[in-house]
Amino acid sequence: MSTDAEIEGLLRREDEHYLNSIDLIAASNAPIGAARDNRTWGVAQFRSAEGHVGRKPYAGTHLFDEVERLAVRRACELFGADYANVQPASGSLANLAAYRAVMKPGDTLLSLDVSSGGHLSHGHPRHIVHDLYQVVTYAVNPSTGLLDYDEIRDVALRQRPKVIVSGFSAYPRAIDFGAFSKIAEEVGGTLVADISHIAGLVAAGLHDNPCVCPNAIVTTSVEKTLRGTRGGIILGPAAVQPAVDAAVFPGLQSSVGLAGLVSLAETLGDAASPGFRAYQRRVVDNARLLAELLLAGGLDLVSGGTDTHLLVLDLTRTGLTGRDAEGRLQDLGILSNRNMLAGDPRPPFVASGLRLGTPTITSRGFDEADIRELAGIVLAALKAQHWDQAERDPLRERTVALRERRRPDDTLTDLLSEGA
Ligand SMILES: *Cc1c(COP(=O)(O)O)cnc(C)c1O
């Protein structure tokens, strides 16, 4: 591991903590391939350079360009896009570049309110996007938890935004990108379709692909369902290339690391495989089953279920806050996150919802029987009366047993032992 004793200690503690947890955070995943193999990358681990493919103002970057070309080609093939920029350091920066490509400061951006499941980089009041643009919002219907496309169209017709953002962080249902695209077209704007959460599902054909919309710039992070290491991608029609490229470099970033491009190219290669599609199907099946079991056990879910890799519990009737529920599960070694509900009366740090996702546990090999046991543990924890030792201890034992059952084909254990 590390020769720095302080770091070595922290890394060991993090491994022990994380490998002894069951990770239900919808935004996380266990990357395969690339991260495992980075010891064989040689100088690529520390090389970086600035500039676009074939136009880097540094000598000796021709092989760097070849790796980047490969990543671009794979991204275009995987998502059926004419153009890709693979340089954004993160999904948030991909969004900033997409906005910058088609808007001037002060222009109007229409996005989903963060408490309804939008992302900070869609214009949260404390994000720089909110300072740069006139941000107006739409919301999900608070009683159904669903997007209301007629209502979104009405807001768009009133506000005439230059950009409409769709694609969310905590929306469990399928998104109708075609409907968003039509609304954007009607008001003469651009659709920014942010598929950060669902990129793996889109790549596997399990969710509509916004790359077919002629007026869409599609952005994504790489480390969520796409199962790569950290990074961002922007996709779109060929016509957006000059503006998007310029918005990324020199508009927002300078150099890009070769290691990130190598990892991304590998991630995209893997995402085109039948094994990846089978994995994504299991992610969705696991999320559906978990949703059904939690509903059957008497809990409420935003929108009544899921079409994706994530679900959001509405805890209002349980008397627990999001923070309480997250804490109870964490006491058992189960990681999740508190989440705002549309119109949530509680502040974000407390919240009334809990978001659960299946990408990481599916990477760890969780099958139907495991999900049944997991749902039983979650239900018992959230319905417990006192959350004292007598209630906690048996659930802790069940959680440990579940975790240990999945240890043999655990991607992370595999990853760590191969890297050792
Ligand atoms: C996670 C997320 C992002 C940001 O990705 P980072 O790589 O963390 O910057 C952007 N948009 C949505 C909808 C997300 O969920």
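**View 1. Glu223 reaches the ligand.** A polar side-chain atom of Glu223 sits 3.0 Å from a ligand oxygen atom, a polar contact here being a pair of N or O atoms within 3.5 Å. With the protein in place, 91% of the 380 Å² of accessible area that the ligand has on its own is covered (areas come from the Shrake-Rupley method with a 1.4 Å probe). Keep in mind that this is a predicted model, where local features need pLDDT of at least 70, side-chain atom pairs count only at pLDDT 80 or more, and totals for chains, interfaces and linings use all residues. Residues are numbered from 1 along each chain as its sequence is written, and side-chain values use heavy atoms, with hydrogens and water left out.

**View 2. Ser169 and Asp194 at the ligand.** Look for the side chain of Ser169, where an N or O atom is 2.8 Å from an oxygen atom of the ligand. Asp194 has a side-chain N or O atom 2.5 Å from a ligand nitrogen atom.

**View 3. The shell around the ligand.** Step back a little, and 16 residues surround the ligand, each with a heavy atom within 4 Å of it. The closest are Gly91, Ser92, Ser169, Asp194 and Lys224. Helix α4 (residues 91–102) gives the most to this shell, with 3 residues; helices are DSSP runs of H or I with at least four residues, strands are runs of E with at least two, and both are numbered from the N terminus. By class, the shell has 1 nonpolar, 11 polar and 4 charged residues (Ala, Val, Leu, Ile, Met, Phe, Trp, Tyr, Cys and Pro count as nonpolar, Asp, Glu, Lys and Arg as charged, and the others, Gly among them, as polar).

**View 4. A closed cavity.** The largest cavity has a volume of about 60 Å³. On a 1 Å grid over the protein atoms alone, a cavity is a set of points where a 1.4 Å probe fits but cannot get out, and lining residues have an atom within 4 Å of a point. Among those lining the largest cavity are Phe168, Asp194, His197 and Leu310. The lining divides into 5 nonpolar, 5 polar and 2 charged residues.

**View 5. An open pocket.** The largest pocket holds about 760 Å³ of space; a pocket is an open set of points with protein on both sides within 12 Å along at least five of seven lines. Of its 31 lining residues, Val114, Gly118, Leu120, His124 and Met340 are the closest to its centre. Strand β14 gives the most to the lining, with 3 residues.

Key:
Polar contact = N/O pair within 3.5 Å; in protein donor to acceptor, adjacent residues only side chain to side chain. Points joined across faces, edges and corners; volume = space filled by probe spheres on them.
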